[in-house]
Amino acid sequence: MASDAGGAIRRRGAGPDLDWRVRIAGLGRYLPQRRVASAEIEARAGLPDGWALQYSGVAFRHWAEPERERASWMGAQAAHEACERAGIAPEQVDLIVNASGSAERAIPDGGPLLQRELGLGRSGIPALSVHATCLSFVAAMELAAERIHHGRIERALVVSSEIASVGLSFADAEVCTLFGDGAAAAVLERAPDDCPSRIHRVAWRTLGEGVELTTLRGGGSWRPPLGASTRPEDAYFSMQGPAALRSGIRLVPHVMRALALEDRQARRELRWVVSHQASRAALEVIEQIGFEGARLVRTLEQTGNCIAASIPLALEQGVREGAIRRGERGVLLGTGAGLSGVGMTLTY
């Protein structure tokens, strides 16, 4: 049990109404030039034609050329587009947050790398990273939005840039057919008095017993690159898809309750749903929750699972295509390695 500031007791995981006066002023994206059809991966992995679309839900994805399309460079391309759409220059932000599940380097974190790539390496603008695997974008949004709402800053740039392709094993059909590379960015700023944009609630729940369900064991202090116990397979991402999906489903009731979306009538008030593009099966779970009247934005078939960039890529597509309109209430949903579930209700 937990107590709020007014002394009322609430159940663990129940979220308060935040009513943060924050709006998304601009969104941008970057997809690597190389577009990879599932047929190419199926041939390389020895899979039947059509396997990837049937089981993973992916027909195409983009894979970066890491020497040319570095993660920080990709993030900067998305950030420039987001700033342009927001009508600002990058140097007008007060905070730069790299919100990525994959890292370009172990040290420094991606914040300074992104700042430098934006041409702001001498600006002094605070730049840092938030790493919560596939949920990094939502975590960074929460951090930046709270600072904006409380007047600590006026504007923030949140960027997710992912290169998953370097950590895929073609011996693992479930993994190698699912993931893509890409970057997306958002400019957050204080909402003017006449703007309806708000962040209403945030829900976060973690079940650490699921840490082995989705993992990349190498690269850290446990399995360092030159460690005596490090094996070549530690450099590849591994996933127990069905088990991770089952654990993710267990998180759904808690997230829905914390977002005050337990009953169908509350969900009917939503006009759009942006979910992490985890897999075809995961998107089917979102549909089964029942969001009548809400438009579910899908990017999985054309871009694959882009880790933390999946949610902002779907958000950008929804806004660009008119599925998400200013003043409409919707929800961000997702699960991430660990295993965590997250939700955020907001008025765009």
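Strands are taken here as DSSP runs of at least two residues, numbered from the N terminus. With that convention in hand, the predicted model can be described through its annotated domains and its internal space.

Two domain annotations come from UniProt, both from an unreviewed entry. The record places "Beta-ketoacyl-[acyl-carrier-protein] synthase III N-terminal" at residues 130–206. Within this span, 23% of the chain is helix and 34% is strand, and the C-alpha atoms at its two ends lie 16 Å apart. For "Beta-ketoacyl-[acyl-carrier-protein] synthase III C-terminal", the record lists residues 268–347. Here helix accounts for 32% and strand for 29%, while the end C-alpha atoms are separated by 14 Å.

Attention then turns to the interior. Rolling a probe the size of a water molecule over the atoms shows where empty space is left. In this model, 1 cavity of 30 Å³ or more is found, and the volume of the largest cavity is about 40 Å³. Its lining consists of Val 22, Arg 23, Ile 24, Met 141, Leu 188, Ser 197, Ile 199, Leu 346, Thr 347 and Tyr 348. Two or more of these residues come from each of strand 3 (22–30) and strand 16 (340–347). Strand 3 makes the greatest contribution to the lining of the largest cavity, giving 3 residues.

The chemical character of the lining of the largest cavity rounds off the picture: 7 of its residues are nonpolar, 2 are polar and 1 is charged. Arg 23 is the charged one, since Asp, Glu, Lys and Arg count as charged.

How values were computed:
Residues numbered from 1 in each chain as written. Predicted model: local features only at pLDDT ≥ 70, side-chain atom pairs only at ≥ 80, totals over all residues. Heavy atoms only, no water. UniProt positions renumbered as here; feature names shortened; annotations may be inferred. Helix = DSSP H or I, 4+ residues; strand = E, 2+ residues; numbered from the N terminus. 1 Å grid on protein atoms, 1.4 Å probe; cavity = no way out; pocket = protein on both sides within 12 Å on 5 of 7 lines; lining within 4 Å. Points joined across faces, edges and corners; volume = space filled by probe spheres on them.
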